Amino acid sequence: KSPRRALLLVEDYTRPIDEQELAYWAKKDFVVMAIDFAGRCPKGCFTLYPFSLDYCNADKAKSYFDVGETAKESKIYEYAVGCMRAVTCLLTQEKVKSVSLITVKKGARVGTVVLGADSRISYGVVVFNSLYREYPQHGGTKDWTDESLPERLAYEEKRQKWIAGIAPQSYAIKIKCPVYIIVSANSLYDDVTNANRMFCRINSDSRLLLLPAVMDCLPEEYVLGIVRWVKGSAAEDSAEVRQFSDDKGDNYVVVSGKFKQTQVSLWYARERDTCARNWVSAPLKKTEEGLVARLDCYGEQTRIAAFATVKGSIAVSSMLEEFTVNAPDRIDVRTRGLYEGREQGFLIDFGGSNWHSAQGGVQYVKGYLDIRGAKGKNIATFAICDPKVLYEKGLTVSFDVSCKARQQLRVYALSDVGSKNTAYVAQSQLVGGGRWQRITLEHDDFHMTKDGHQMPEDEIVQLLAFQAEEEFMLNNVFLV
């Protein structure tokens, strides 16, 4: 047989190996290996750590930020060493000519260390992780006093050990192989701004893909791009994004690069500098400047974040550009509508326990009485935190929904997205039969998922999500 490529999968280190995931990649014609980091388990095969490494077992493991006398006395160090031994093992297999590494979500805390420390890896893929993490602030007072100096010095010593020996940003700058970084533009755990900043620090052979309309679950078309990347295919040329204003006071973004107009889309969000951003797409028009999109602004001064995606055999995106625009004479009218049945509602499919899915995201189709709406099992929107929407606090939401099956609809409201991710839930009975049903929920219908406490009237919601066991259609979502 001809020489083959090998893959090392580095996923969530708190869970056992997913054998179905290994089979999935083996069917893509790879020699695949994963390591059980989680250790001690009541059933099945697992890694048996010696007593001296008991802290590596998931049921006993200390915090990600815990280090001993040096970074070597940490679970991340041991997991990374195990990965490098796995690379050695793969390279000794008959007909294996190269080893690439795919690391996902929490697993990238380990995978990034391996990519930066092991030069034998040919290609790297980091999915849904920004390659950046801050050490948590001290739990006590920020106003250090003379009496607390020993405590402060101990804290700083531990922080510096962690940054130098464990922090992903310390290893990202050491990566020599080409890396494909895929990040959700919306995530409950990671700010896309961090990924953008870290991408600037890694080697020039690497590529970035910022994905709108997904939440830490990758559609199949982009998984195929990963396959092509680790097999050595060339990625598309990335785009460049630049902002300008005309003499009428309108604000625009121009996208330039070597691609067809049908390949590229422009996405932007207003005001937010956290994980809670409502990304919307703007239509592009071909001009002498390049492909140009007009930005809708809802204040005299608006902060904008924008990027362009280019679809191809391996999809890529531009860097995230952030800027402030002035629009004193061209302010657009605000609304209470979150989704009104347009062809593109910029809604997000947040379902799936795995990191990739064969589903194609939220569908926009015709339903009962030929009324167009959004179709899925898990539909979310950040529109409530967009300056376009008239909302401050006190949630009352009304919407149309239809489904064939009689079932329960769960509506989630999240605040403090990206930090506490405080979640509230309300439930409503769907009558089924395919007809449209109007539902209105008020703040006192929502209760915290953890303890059942009622949502405070002044809670500021940043994300609304709709979920059911069977598919349903959603339309005309308004704040009342």
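This section describes a covered helix, aromatic and charge–ring contacts, a buried serine and a small open sheet in a predicted model.

Helix α3, which spans residues 108-117, is mostly covered, with nine of its 10 residues buried. The buried positions are Ala108, Arg109, Val110, Gly111, Thr112, Val113, Val114, Leu115 and Gly116. Several elements contribute to the cover over these residues, including the strands β1 (4-10), β3 (96-104) and β4 (121-127). The helices α2 (75-91) and α5 (168-172) are also among the elements that cover the buried residues of α3.

Aromatic contacts were examined next. The structure holds 18 aromatic pairs. One of them is formed by Phe37 and Tyr79, whose ring centres are 4.9 Å apart and whose planes meet at 45°, a tilted arrangement. Phe37 belongs to the loop between β2 (31-34) and α2, whereas Tyr79 lies in helix α2 itself, so this pair ties together parts that are 42 residues apart in sequence. Phe37 has a relative accessibility of 3% and therefore counts as buried. Tyr79 is likewise buried, with a relative accessible area of 2%.

A further tilted pair is formed by Tyr339 and Tyr364, with 6.2 Å between the ring centres and an angle of 55° between the planes. This pair, too, links distant parts of the chain: Tyr339 is located in strand β17 (residues 337-339) and Tyr364 in strand β20 (residues 363-366), a separation of 25 residues. Tyr339 counts as buried because its relative accessibility is 1%. For Tyr364 the corresponding value is 12%, and this residue therefore counts as buried as well, the cut-off being under 20%.

Aromatic residues also assemble into a cluster, in which Tyr64, Phe65, Tyr135, Tyr155 and Trp162 take part. In addition, lysine side chains are placed over aromatic rings. Lys174 lies over the face of Tyr171, at a distance of 5.2 Å from the ring centre. The charged end of Lys231 is positioned over the ring of Phe30, 5.3 Å from the centre of that ring.

The surroundings of Ser187 were considered in more detail. Ser187 is found in the loop that connects β5 (179-184) with α6 (192-199). With a relative accessibility of 4%, Ser187 counts as buried. The side chain of Ser187 makes polar contacts with both backbone and side-chain atoms. Towards the backbone, this side chain reaches the nitrogen of Asp190 at 3.3 Å. Towards another side chain, a polar contact of 2.9 Å joins Ser187 to Asp216. When residues up to four places away in sequence are set aside, Ser187 touches Met215, Asp216, Cys275 and Val417. Asp216 thus appears both as a polar partner of the Ser187 side chain and among the residues that Ser187 touches.

Finally, the model contains an open sheet of four strands. The strands follow the order β8-β9-β13-β12 and pair in an antiparallel manner. Strands β8 (240-245) and β12 (285-286) form the edges of this sheet, each pairing on one side only. The antiparallel strands β12 and β13 (residues 291-295) are joined by two bridges. Across this pairing, Lys285 stands opposite Val292 in β13.

Technical notes
Residues numbered from 1 in each chain as written. Predicted model: local features only at pLDDT ≥ 70, side-chain atom pairs only at ≥ 80, totals over all residues. Heavy atoms only, no water. Buried < 20%, exposed > 50% of the residue type's maximum accessible area, 1.4 Å probe, protein only. Contact = heavy atoms within 4.5 Å. Phe/Tyr/Trp six-rings, centres within 6.5 Å; stacked < 30°, edge-to-face > 60°. Lys NZ or Arg CZ within 6 Å of the ring centre and 35° of its normal. Polar contact = N/O pair within 3.5 Å; in protein donor to acceptor, adjacent residues only side chain to side chain. Pairing = 2+ DSSP bridges.
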